[in-house]
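Trainee: I would like a close look at a single part of this protein. Please start from one pairing and work outwards.

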Amino acid sequence: MPHFAQRMKTMEKSAQIIRNLFGAMNDPNLISFGGGAPAREALPIDIVREIVNDVMRVDKRGVEGLQYGSVKGLPDLREVVVSELLAPKGIEAKADNILITSGGLEGINLLCQLFIDPGDVILVESPTFVHCVEIFEMFQAKCISVAMDDDGMVAEDLEEKIRKHNPKMVYVIPTFHNPTGRTLSLERRKRIAELGSEYDVLILEDDPYRDIRYSGSELKPIKAFDRTGHTVLANSFSKIFSPGSRLGYVLADDAVSSKLCDAKSATNSHTSMLPQVICAEFFKRGYYPAHHRMICDLYRERRDTMIDCIDRFFPEGTKRTFPDGGLFTWAELPGGIDTTELLVESTGNPAVKVAFVAGEGFFIEGGGMGRNCMRLSFGAVSPEKIRIGAERLGNLIRSRLK
Ligand SMILES: Cc1ncc(COP(=O)(O)O)c(C=O)c1O
């Protein structure tokens, strides 16, 4: 066997974390607060069945779905992004500046292809989304963490780290952050956009949860405050349409947008056409507003149930976030409980059988950071199961404290 490329060694640690994090979660007897998948009920199966049938009856659309397409993506889907997803959030964009990607993650991967050389520094939130750390490490970047509080990434710490480490990129998940569910304040959104321009650093705004807000008021994306093209917005259809369709998009100003197309062309020519056609039809036929209301109602009820159950069943001294959208809450446990150990017991003990994601893996710093934390995903679990699972988990934690 020839030697693997150097990058496979660099990414081994984060790849292992991901394998460990999600390894135990396929047991059907488990109540899983682990993965980040949307609810089964949030997948528009009946609508897609109707669209697929129609599309395959209309010759031109059927051919479009099965033929090669353009690097940038299906024109009507790019128009949908501009008019239905960006304009309502205060972003005036041209469809020409949208690139349709194979899931949100591909956008992040392509941006690394454009900007990251081995050894470049990427600043990330502490904690952050491990899957992106895996991508950054595959590009042999050096990830350095920036402090977070309840209002998201701390802008003062960001500026200090920019000065100290001269990064190429800042990776930020501003809305209903994964794993904490926190949202970056308006003031910090403006400041982070300014810092990108001031210090000539790329701000990679990864915002896949933004569209599932079910309480509180809208905040403009960081991109809305970018005057110099230093912020690039990556987003996804995974949480509002379907993750299996693998659709996402990137909005970037002209210079970056054109290079993104080159990288996309060299990677996979373009995103699969049939999912793009189906997704564009889903929006153009006017299904999105009612579907969006339905999923927001569904997740709001699950969030409320999860928060209520944490408050009732987890021990005194537990801190948790209150997300206004998205799929996750984050809990910090009292009494020095190690959640990595707790997970072994909570998934293995037949009287508990509850999974979550232990906090430690989300912190690139290591050294025990986040050891008393857990990410609890409520999106794909029915309220009834949330009640049962949270009570069992709460009882287990209490018994450990004793
Ligand atoms: C923060 C964050 N970014 C990006 C993604 C990628 O989403 P996808 O590739 O499914 O579109 C996810 C998915 O869970 C995520 O949580």
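Which residue is the bridge partner of Trp330 in β15?

Mentor: This is a predicted model, and what follows should be read as such. The bridge partner of Trp330 in β15 is Arg375. Trp330 belongs to strand β12, which covers residues 328-332, and Arg375 to strand β15, which covers residues 373-377. The two strands run antiparallel and are joined by five bridges. Another of the facing pairs is Thr329, which stands opposite Leu376 of β15.

On its other pairing, β12 meets β11, again in the antiparallel sense, over two bridges. There Lys319 stands opposite Glu332 of β12. Put together, these strands belong to an open sheet of four, in the order β11-β12-β15-β14, with antiparallel pairing. The edges are held by β11 (319-320) and β14 (357-358); each has a single partner strand, so one side of each has no neighbour in the sheet. As a general point, strands of a sheet pair through backbone hydrogen bonds, in either a parallel or an antiparallel sense. As for burial, four of the five residues of β12 are buried, so the strand is largely enclosed by the rest of the structure.

The strand β15 also leads to the nonpolar interior. Leu376, which faces Thr329, is among the residues with the most contacts inside the largest nonpolar core, and so is Met374. That core has 68 residues, and the others with the most contacts are Leu86, Phe237, Phe283, Tyr299, Phe314. Helix α12 (residues 288-313) gives the largest share of this core, nine residues. The core also draws on both domains, with at least three residues from each of domain 1 (6-43 + 290-401) and domain 2 (45-284).

Leu86 shows what such a position touches. Leaving aside neighbours within four places in sequence, Leu86 is in contact with Val81, Ile91, Ala93, Ile98, Arg210, Leu233, Tyr249 and Leu251. A second, separate core has 29 residues, including Ile135, Met169, Tyr171 and Cys261.

Away from the sheet, one helix pair is worth a look. Helix α3 (residues 45-57) and helix α4 (residues 59-66) pack at an angle of about 105°, with their axes 5 Å apart. The two helices are therefore roughly perpendicular to each other. On the α3 side the contact is made by Val55, Met56 and Arg57, and on the α4 side by Asp59, Arg61, Gly62 and Leu66.

Some backbone details remain, all in loops. Most residues other than glycine have a negative phi, and most peptide bonds are trans. Against that background, the peptide bond from Ser126 to Pro127 is cis, with omega near 5°, and Pro127 sits in the loop between β3 (121-125) and α7 (130-138). The bond from Asn178 to Pro179 is cis as well, with omega near 20°; Pro179 is in the loop between β7 (169-172) and α9 (186-199).

Two residues have a positive phi without being glycine. For Asp200, phi is near 55°; this residue lies in the loop between α9 and β8 (202-206) and is exposed, with a relative accessible area of 59%. For Ser269, phi is near 70°; Ser269 is in the loop between α10 (254-268) and α11 (273-284) and is partly exposed, at a relative accessible area of 33%.

How values were computed:
Residues numbered from 1 in each chain as written. Predicted model: local features only at pLDDT ≥ 70, side-chain atom pairs only at ≥ 80, totals over all residues. Heavy atoms only, no water. Pairing = 2+ DSSP bridges. Buried < 20%, exposed > 50% of the residue type's maximum accessible area, 1.4 Å probe, protein only. Core = buried A, V, L, I, M, F, W, Y, C linked by side-chain atoms within 4.5 Å. Domains from an automatic or database assignment. Contact = heavy atoms within 4.5 Å. Axes fitted to C-alpha atoms, helices over the stretch in contact; angles between N-to-C directions. Parallel < 35°, antiparallel > 145°, perpendicular 65-115°, else oblique.
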